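Open the structure in your viewer and keep the selection panel at hand. The tour goes from one selection to the next and says what is found at each stop.

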Amino acid sequence: MPNPQDFSYLAPEILLATAGLLLLLIGTLGRGLGSRESALVALVSLALTGFLLFRVRQAVPGRQLILSDTFVLDGFAFFWKALVLIATALVVLFSVRFLEEGGYRAAEYFALLLLASSGMLFMASGYTLLTIWISLETMALASYVLAGYFKRHRRSNEAALKYFILGALSSGILLYGISLLYGAAGTVQLHELSQNLGKALAGGNRLVVVGWLLLAAGLFFKVSAVPFHVWTPDVYVGAPTPVTAYLAVASKAASFAILLRIFYEGLGSIRVEWQTVVALVAAATMIWGNVAALTQDNVKRMLAYSSIAHAGYVLIGVLAVSEIGLWSVLFYLLAYTFITLGAFGTVILLERREYAGETCADYAGLAQRSRFLAAMMLIFLIALTGIPPTGGFFGKVYLFAAAVQAGWTWVAVIGVLTSAVSLYYYFRIVVYMYLVDAKPGTPAPLRAPALVGAIAFCALATLVLGLYPEPFIHLAKASLLPLP
Amino acid sequence: MFDWIHNVPILSLTAYLPLVGALIVIFFMKGDQTALIRKFATGIVVLDFLISLPLWFAFDPHGELFQFRESHSWIDSIGVRYEFGIDGIALLLVLLTTLLGVLAFVSSWSAIHEREKEYYVFLLLLQTGMLGVFMALDFFLFYVFWEVMLVPMYFLIGIWGGPRKLYAAIKFFLYTLAGSVLMLLGILALYFFNAGGLLGWHGLGNPATFSILQFHDIGHLIPKDLQIWIFLAFFVGFAIKVPMFPFHTWLPDAHVEAPTAGSVILAGVLLKMGTYGFIRFSLPILPDATRALLPWMAGLSIVGILYGALVAMAQKDMKKLVAYSSVSHLGFVMLGLFALNGPGINGGVLQMINHGLSTGALFLLVGVIYERRHTRLIAEYGGLSSVMPLYATIFLIITMSSIGLPTLNGFVGEFTILVGAFNRTWWWALLAALGIVLGAAYMLWMYQRVFFGPLANRENAKLQDLSGREVFYLAPLVILCFVIGLYPAPFFRVIEKPVNYIVAKVDPSLGTAVAATGGGTPATAPRAGE
């Protein structure tokens, strides 16, 4: 029987889920809430959640397992939760004007956003395979609906359906893997799992291998690593762009949180087994993501492939299984969050009804039309390429450093070469922005001060992470998992 | 007289003044205030040159190896520090950068008429990036500047370039980025070897640092196989930048398409970063690998000398001819460096400066005539000496400097390099000397076709001779060519100590020992029993 006091540690999660449900309820009453009011409610509840999260962290500064060892409070979970909250808040700012422009109801949208985020908070703290799976589903179900939120658009429908079918398949695979591992180890609690799996594998139990491979396949799907990435481009292009940004950042961050947690804490004893597989997946992801991005003309699709490629870079840090590898993953995803959100924010500003304004050609002459927006986008693209003085550069350096130190030099070589390749497609947009003249009649960017402010904040964060990363490295180093 | 210089962060001032200028232009000036922007930006680089000039007088050739040191903590958790400092070699390159900066800015007044605000912003940012590269004493900091600089150069070629500018810009960027990311892996390998070790190699267990001086101190402790891997990683980065044969193909494209100022900076300063990289890092840190790969390096240098010269001979476009001549001249510099002895490296370093002066001047001269006629084809000209006598005279002086005529700077550099190469392996010098002959052939042939003969093309009959502004920005280069040619001693004096230091590092049998560098923690032997 869990200690009743443990539930008070769940306050942030409970608050966020309740806020989501309330918003859903209000949305059905009368004429519902407008997008600005709903956004305000969402922002306030995110801020309160953040405050509670901080208090919980103060109350439990170390590491503590609660609720019958199913839920863990540690720096690692705190880091991801904070990241998810910040990313969600930025996505809320991105969405307001966009929903008004599209003419869609807002209360449900923000409710789903909050519910998905509460699932992510649970993911970060899940300590058994089943709690992790259930929180993952909470996030995923809300995301499927969000992807299809523009119900009058065929592409949005297509995205939702594809995402749902493939997502359900991967959840099934994940669950099947969990059941096999449970059969082999007799537990779903990560710490015990790790101990029992090592023994089972040493005893020649082949079930373990099939089990962890299926589990890994499900996780690779969630972080969109090759060869489980095929859903990503279509879903990213079809979903409303703020949702795409949310999937590319918050969903990816939370998925990496559980991937790290499961691989390091649950499968730590058999890490020699999975390191090679992760290395191959990382290499394939970096190569395919970057190569496929080269020929994309739609900016959202290009960013989709770029997010695949970046998942590959992050996997480098995962496979290193070292302290530097771990904190470099944390730092990288922190930087990646701001960079990618900023890039998608710029896309949103330039987008028009019916998905217009998404091709590279629509960026022609942006530097003359809006010097500020072009400069912001330039910063994000430089950061995505991994050129200093941006957070993207430092993130990559640490990841490659981890690989070199751990002896995975060939993966690092693939990483640096593919990131040089990525310059070509990122700078295609730069070419259009700065080197090509605008077509006559191109509409001006949206007027949305909140969105512009959010983008400027992302750009500032990108530069600060690049020029003075020290405090953020400290933060990442304070949020490590125990190494296996 | 120059004591005050030690009380101010003179290097940071020099490096960041252009950055500050760029920010002022971005935030406080409107795009249509072109005259103001032009004057302000030029004022900034002139001021920057004036700030950097006292370095020459305050630098003590017999003092510390690295002077005007600045050291601040930056990213402590991984041992990255903000370290600036220059030795004699860097001193010359810093001065070359600030000088060519002024000339490039002044030459742009008449050449650039569109999007001037952005143009001067990028040019200013480029100055900061280049100066930082030569001043950084922390490898990480060095790398940051090294990559930062690519972005403005990309825009300079891409926006203000010639017809194939997009292709040339992205090719330049891709080539140099691909090289530098591999170099980054080499840096990381050094970093981990100095600290906890990597792969199968036990580290030295020193505190984690990217300090270049510390790497100099531990260089000889690195096992030879690891040295060779790191050398190759550095080689890709530096050789693309130099550019050495067969990595040179981006250079002609970039040069031909770039605006005049871009070409001047590209040839005058950017290419020197590659050779500077070899001197600062490859030679002193990786002595065993350097000696092991010596035949390859010298071979590629000699092929570069001869190949560049032969291709230059076949060019119809003046700018392309000068670009290929750069490949040949940089081959000389590399040969000098890899002679690994005093004369060779002395000559190589001096020739870096000489090439910056003479090739910078050549690009400026080609730019002068391009602005008047909008063509660079040699066949379009002929008999110019009668309509533009002053231009013809200056062009002749620079041509002679490029060929290596005694009394001009090129002779001093090339001769010293040949001495060094001869001391190392006599037939290297023989082949390189062939390159000098070829160099004379293509330069003089071009000069003859452009300036002598009948004034066949009637469009050339009305060409204006050099304006006052053009004389202003060409004169310093001409004067310096003579100064170095007639009295090179002061230049050799400032680089004597660093060159001896490098020779002692890379080939202890030749060099005289130089006092410890100071600053770096002393090297320790590999820990036993690990």
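Select chain A and look at how much of it is covered: of its 484 residues, 63% are buried. The model is a predicted one. Colour chain A by secondary structure, and 19 helices and two strands appear. The radius of gyration of chain A is 21 Å, close to the 23 Å that the globule rule gives for 484 residues, so chain A is as compact as a globular protein of that length. Turn chain A along its principal axes, and its C-alpha atoms fill a box of roughly 70 × 55 × 40 Å. Among the contacts in chain A with a separation of 6 or more, 81% are between residues 24 or more positions apart.

Stay in chain A and select V226(A) and P227(A). What kind of peptide bond joins V226(A) and P227(A)? The bond is cis, with omega at about 5 degrees. P227(A) sits in the loop between α8 (207-222) and α9 (231-238) of chain A.

Go next to V321(A), in the loop between α12 (299-320) and α13 (323-350) of chain A. V321(A) is not a glycine, yet its phi is positive, near 45 degrees. Is V321(A) buried or exposed? With 21 other C-beta atoms within 10 Å, V321(A) is buried, because the cut-off for a buried residue is 20 or more. As background to these two stops, most residues other than glycine have a negative phi, and most peptide bonds are trans.

Now show chain B. Chain B has 21 helices and four strands. Its radius of gyration is 22 Å, close to the 24 Å given by the globule rule for 530 residues, so chain B is as compact as a globular protein of that length. The C-alpha atoms of chain B fill a box of roughly 80 × 60 × 50 Å along the principal axes. Buried residues account for 60% of the 530 residues of chain B. Of the contacts in chain B between residues at least 6 apart in sequence, 79% join residues at least 24 apart.

Colour chain B by pLDDT. The mean is 86, and 95% of the residues of chain B reach 70 or more. Then select residues 511-530 of chain B, where pLDDT stays under 50. For this stretch the model has 35 contacts beyond four places in sequence.

Select residues 409-424 of chain B, which form helix α18. How far does α18 of chain B reach from its first C-alpha to its last? The 16 residues of this helix span 23 Å, close to the 22 Å expected at 1.5 Å a residue. α18(B) is mostly covered, with 12 of its 16 residues buried. Among the buried ones are N409(B), F411(B), E414(B), L418(B) and R424(B). To see what covers them, add α14 (318-337), α15 (342-373), α17 (389-403), α19 (426-451) and α20 (468-486) of chain B, against which the buried residues of α18(B) pack.

Two loops of chain B come next. In the loop between α9 (224-241) and α10 (250-257) of chain B, find P243(B). A cis peptide bond joins V242(B) to P243(B), with omega at about -10 degrees. Then move to H374(B), in the loop between α15 and α16 (384-387) of chain B. H374(B) has a positive phi of about 55 degrees, although it is not a glycine. H374(B) is exposed, with 8 other C-beta atoms within 10 Å.

Finish with both chains on screen. For the complex the predictor gives an ipTM of 0.88 and a pTM of 0.90. How many residues of chain A are in contact with chain B? There are 28, and they meet 25 residues of chain B. On the chain A side, select α16 (391-406), α17 (409-435) and α19 (470-477), each of which supplies at least two of the residues that touch chain B. α17(A) gives the most, with 13 residues. The residues on this side of chain A divide into 21 nonpolar, five polar and two charged.

For a last selection, pick E470(A), in helix α19 of chain A. Leaving aside neighbours within four places in sequence, E470(A) is in contact with I75(B), D76(B) and S77(B). E470(A) is partly exposed, with 14 other C-beta atoms within 10 Å.

Technical notes: Residues are numbered from 1 along each chain as its sequence is written. Chains are lettered from A and ligands numbered from 1 in the order in which they are written. This is a predicted model: local features need pLDDT of at least 70, side-chain atom pairs count only at pLDDT 80 or more; totals for chains, interfaces and linings use all residues. Two residues are in contact if their C-beta atoms, placed from the backbone, lie within 7 Å. Ala, Val, Leu, Ile, Met, Phe, Trp, Tyr, Cys and Pro count as nonpolar, Asp, Glu, Lys and Arg as charged, and the others, Gly among them, as polar. The radius of gyration is taken over C-alpha atoms; the globule rule is 2.2 Å times the number of residues to the power 0.38. The expected span of a helix is 1.5 Å times one less than its number of residues. pLDDT is the predictor's confidence in each residue, from 0 to 100.
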